[in-house]
Amino acid sequence: MVASDNGTELTSNAILKWQEDRKVEWHYIAPGKPMQNGFVESFNGRLRDECLNEHLFANLRHARELISAWRNDYNHHRPHTSLDGLTPWEYHQRSVKDQTLNRAN
């Protein structure tokens, strides 16, 4: 399932046809309620501010290269406060027991 807002880029005929052809279930959040999809709203804001708004892409290949580099940094090198200062990769490498420990202890 894909959850998204009701923006024109996600309600176009092309997206609706793609979704229908692939039998992908689609859920639109309520208008004016971005917190119904808070994680992706936060991520999209960072991607837009730190990558998309910072570059003029010469072509699709160039865009893919820059976005891939940004994604690599985001997932492997940048600490996330929601993960207690670890990178997503470091957090993933921890054991299940370590991941569920009460952080207050």
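The protein chain contains 5 helices and 2 strands, and, read along the sequence, these elements follow the pattern β-α-β-α-α-α-α. The model is a predicted one. Of the 105 residues in the protein chain, 17% count as buried. The surface that the protein chain exposes comes to about 8300 Å², with carbon and sulfur atoms supplying 53% of it. As for how the chain meets itself, among contacts between residues at least 6 apart in sequence, 25% join residues at least 24 apart.

Helix α2 is a convenient place to start a closer look. This helix covers residues 38–50 and has 13 residues. From the first C-alpha to the last, α2 reaches 18 Å, close to the 18 Å expected at 1.5 Å a residue. G38, G45 and L47 are buried in α2, and what covers the buried residues of this helix includes α3.

Charged side chains come next. The structure holds 4 salt bridges. One of them joins K17 to D21, with the closest N and O atoms 2.8 Å apart. Both residues belong to helix α1, which spans residues 13–21, and they sit 4 residues apart, about one turn of the helix. D21 counts as partly exposed because its relative accessibility is 44%, a value that falls between the 20% limit for buried and the 50% limit for exposed residues.

A salt bridge is also found in helix α3, where the side chains of R61 and E65 meet at 3.2 Å, N to O. These two residues are 4 apart in α3 (residues 60–76), so about one helical turn separates R61 from E65. The two partners fall into separate accessibility classes: R61 is exposed, with a relative accessible area of 65%, whereas E65 is partly exposed, at 43%.

The side chains of R78 and D73 form a further salt bridge, at 3.6 Å from N to O. D73 is partly exposed, given its relative accessibility of 31%. This pair does not stand alone, as E50, D73 and R78 are linked in a network of salt bridges. E50 falls within the residue range of helix α2 (residues 38–50), and D73 within that of helix α3 (residues 60–76).

Turning to the rings, the structure holds 4 aromatic pairs. W26 and Y28 form one that is tilted, with 6.2 Å from centre to centre and 40° between the planes. The pair is called tilted because its angle lies between the 30 degrees below which planes count as stacked and the 60 above which they count as edge-to-face. W26 is buried, with a relative accessible area of 17%, while Y28, at 27% relative accessibility, counts as partly exposed. Elsewhere, ring pairs link F43, W70 and Y74 into a cluster.

Another tryptophan, W89, has its place in helix α4, which runs over residues 88–93. With a relative accessibility of 44%, W89 counts as partly exposed. Leaving aside neighbours within four places in sequence, W89 is in contact with N75 and H76. Both of those contact residues carry numbers that fall in the range of helix α3 (residues 60–76). The C-alpha atoms of W89 and R78 are separated by 9.5 Å, the two residues being 11 apart along the chain. R78 is also a member of the salt-bridge network with E50 and D73.

Note on methods: Residues numbered from 1 in each chain as written. Predicted model: local features only at pLDDT ≥ 70, side-chain atom pairs only at ≥ 80, totals over all residues. Heavy atoms only, no water. Buried < 20%, exposed > 50% of the residue type's maximum accessible area, 1.4 Å probe, protein only. Phe/Tyr/Trp six-rings, centres within 6.5 Å; stacked < 30°, edge-to-face > 60°. Contact = heavy atoms within 4.5 Å. Expected span 1.5 Å × (residues − 1). Areas by Shrake-Rupley, 256 points an atom, 1.4 Å probe, with all protein chains shown as cover.
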